[in-house]
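This report looks at how two chains meet and at how a sheet within one of them is arranged. Please keep the sequence and the structure in view while reading.

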Amino acid sequence: MNQIATVSSETIIRPRPGWIAIDWRELWDSRELLAFLVWRDISVRYKQTVLGLAWAILQPVFTMLVFTVIFGNLAQMPSQGIPYPIFVYAGLLPWMFLSTAVGGASQSLVSQQALLTKIYLPRLFVPAASVGGGLVDLGVSFGVFAILMAYYGVVPGWGVLAVPFLILLTLVASLGVGLALAALTVTYRDFRYVIPFMIQAWMYLSPVIYPVTLVPAKWQLLLAVNPMVGIIDGFRSALLGTPWNLPALAMSTACACVALLFGLFYFRKTERRFADVA
Amino acid sequence: MTSPAISVEGLGKLYQLAHQSDRHTSFREALTSMALAPLRRFRQLRGTDTSMEDFWALRDVSFTVQPGEVVGIVGRNGAGKSTLLKILSRIAEPTEGRAVMKGRIASLLEVGTGFHPELSGRENVYLNGSILGMKRREIAAKFDDIVAFAEVEKFLDTPVKRYSSGMYVRLAFAVAAHLEPEILIVDEVLAVGDAEFQKRCLGKMKEISEGGGRTVLFVSHNMAAVSALCSRAVLLSKGRLELDGSPTEVIQRYLIPASFDAGTGVDLRSAPGRPAGHVAVFQSLRIRGASGSAMTSLLPGDTVTLDLGLALAAPLRSPRIGIGVNNARGDRIFAVATYLSPQPVERIDAVSTVQVTFTLPPLYPGRYTLDVSLSAEDGNFMDQIESAAAFDVLQDGFLGSTHPYFPEMGMVLVPSEWHVTAASRVDSGARPVDSLLSEA
């Protein structure tokens with residue numbers, strides 16, 4: 001084995017008060033572990049369910065149908081001139097990713113305590129793997145969306161090139177919130193009961209079922225403090241050609257980055273106590 | 001002299017034990033507590049706050065380990081062994097002191113950490129290997145060896161939830177055994193699995209330490225394993241390092257309480273085997289043999305009397321006193337208890353001596369330790385001490401044979417008589433098979 005390379009490595013164990021910097025080098029060195037954990041989350045998710053991959057299709061489609069009947073038909077929710085089913089589906093794409101990722105990440109440490117108390121590994125990877133595991137579902141949902149677009153005869157414009165950026169932004173927001181909630185849930189166990197309510201409230205604060213334009217223009221920028229406002233609105237602009245709201249997108253991007261930074265640092269700060277409280 | 005592989009300097013770990021109110025395991029409690037914080041601060045200033053108690057799980061522990069050494073860490077439950085391993089494995093952070101470790105570290109505090117029941121054996125080998133810190137191509141290169149060591153070739157693509165517990169443990173240990181760290185930290189993992197596999201694991205560990213010049217830290221209650229594997233041992237007691245020396249020396253100290261006195265027996269008031277924070281109810285323990293005088297060497301079949309001195313705050317009704325006897329490997333051999341007796345003790349005074357008499361079973365010669373415990377009628381522990389005292393069982397031709405008796409032959413000696421009956425002849429007391437059959 002390549003022991004010559006590692007023989008010089010020295011580990012110093014001592015108390016570290018205050019905020020702890022992120023060890024990027026360690027994260028990079030053990031990137032394979034992250035890949036394994038993501039792969040495990042994905043394969044376990046589809047092995048355990050009877051429906052397997054069909055689940056990833058049914059869940060957003062079913063939600064879309066319910067929302068279309070209730071909010072589109074009964075409540076006559078405006079949808080910026082776009083057929084309500086694809087309007088709401090375009091919002092569900094990032095929203096379902098985020099809600100699954102945040103929900104999974106926040107439980108990830110509590111449900112895998114052995115990874116905290118029996119072994120040392122870069123613990124950031126555990127919630128991060130839960131977030132990454134949702135990417136497959138997102139891909140499947142996109143496939144369904146393409147079919148819907150074809151059915152409604154909507155042709156995306158050049159805006160579609162912004163989709164990778166928007167997905168990245170969704171990842172950033174999910175990871176930030178997921179890390180913070182994961183750390184909080186380890187310390188305060190009843191947090192896990194709070195999170196489902198939080199996510200539900202968050203959905204109504206995000207323009208999943210309604211367009212951002214429903215909100216008076218002067219409040220839109222404030223609303224965009226919630227990263228999902230800029231992201232969902234951006235998804236609609238990119239895929240369905242609604243007008244871009246760049247100030248809101250910029251605000252949401254900034255807030256998503258702040259959320260990630262906060263999540264990372266809060267996680268690092270509380271990480272050293274995980275083994276003691278888990 | 002080369003620089004040490006591990007050097008530990010003044011390592012300590014403080015836990016704050018919360019009494020009743022001050023434990024925020026839930027967010028609601030944390031919020032309540034935050035609201036009450038000013039009041040508590042006020043009480044702390046006045047020194048009337050007793051809700052938090054400092055508990056040093058580890059304190060002032062210093063030692064160094066040279067590359068290639070295999071060091072056993074010995075101590076009773078709660079002595080700080082696991083805390084030490086967790087700190088050295090970087091799982092928990094120390095409160096004070098520091099440790100410097102040179103080289104790649106792998107720790108094995110549990111067998112099969114991260115195994116997922118839904119995944120197949122093959123998938124779990126990769127996953128677990130990666131969690132233990134192996135690179136993908138490293139696992140691929142050793143995959144066949146791992147599978148062969150675990151003997152699970154046929155079940156590689158079966159989810160491990162369908163594995164027998166033995167197969168599960170074998171596969172998990174096999175992955176760990178093929179790690180190639182410079183420093184290996186192992187906790188009690190050999191306590192699982194069948195005897196045959198344990199032997200293979202011990203062999204593999206010996207190979208690891210001798211072959212690669214690797215440094216191994218090894219926690220065990222199995223003194224046989226410690227003396228077989230380790231070149232040195234460290235005894236922890238109540239979070240502190242009590243002795244650092246040869247395995248024989250350390251095992252001896254571990255098994256015989258230092259406060260032993262043949263006349264009065266063992267002073268239990270500050271016994272090291274009592275969990276921290278317990279009030280000392282047991283005061284003394286004396287072992288008396290057949291002759292009635294105090295002794296620590298007994299023979300199979302002896303009538304043994306134990307005198308237990310107790311001091312309680314108040315008389316106790318229906319006390320539940322139990323005494324467990326363990327062999328040198330830490331296996332419980334038998335137990336005697338008030339509640340296992342046809343005449344349970346009805347009441348003990350605040351200060352009293354309790355006597356129990358039993359016949360010593362025909363145990364294999366060697367050293368045995370006694371655990372004592374006292375609980376109230378409702379089952380609440382009032383005191384308990386691990387390895388409160390020890391005695392030796394001597395070999396005295398109990399079996400009437402000159403052949404040596406080895407531990408492998410079993411834990412109890414059973415005298416036997418052997419008769420041979422030739423098939424064609426009828427001896428007294430034994431009849432040919434056909435006459436037995438015709439009666440049926």
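Which residue of β4(B) is the bridge partner of A:I12? In this predicted model, the partner of A:I12 in β4(B) is B:V100, and the two residues lie in strands that pair across the chains, since strand β1 (residues 10-13) of chain A and β4(B) run in the antiparallel sense and are joined over 4 bridges.

**The contact between the chains**

Across the interface, 34 residues of chain A are in contact with 43 residues of chain B. On the side of chain B that touches chain A, at least two residues each come from α1 (27-46), α2 (81-88), β4 (96-102), β5 (105-108), α3 (121-131) and α4 (136-150) of chain B. Of these contributions, the largest share is that of β4(B), with 6 residues. By residue class, the side of chain B that touches chain A is made up of 17 nonpolar, 11 polar and 15 charged residues.

**A sheet within chain B**

Chain B also holds an open sheet of 5 strands, with mixed pairing, in the order β13-β21-β20-β16-β17. Its edge strands, each of which pairs on one side only, are β13 (297-298) and β17 (332-337) of chain B. Within chain B, strand β16 (residues 320-326) and strand β20 (residues 366-375) run antiparallel and are joined by 7 bridges, and the bridge partner of B:G324 in β20(B) is B:D371.

The two antiparallel strand pairs are set out below.

| Strand pair | Bridges |
|---|---|
| β1 of chain A and β4(B) | 4 bridges |
| β16 and β20 of chain B | 7 bridges |

Conventions: Residues are numbered from 1 along each chain as its sequence is written. Chains are lettered from A and ligands numbered from 1 in the order in which they are written. This is a predicted model: local features need pLDDT of at least 70, side-chain atom pairs count only at pLDDT 80 or more; totals for chains, interfaces and linings use all residues. Two residues are in contact if their C-beta atoms, placed from the backbone, lie within 7 Å. Ala, Val, Leu, Ile, Met, Phe, Trp, Tyr, Cys and Pro count as nonpolar, Asp, Glu, Lys and Arg as charged, and the others, Gly among them, as polar. Two strands pair if DSSP finds at least two bridges between them.
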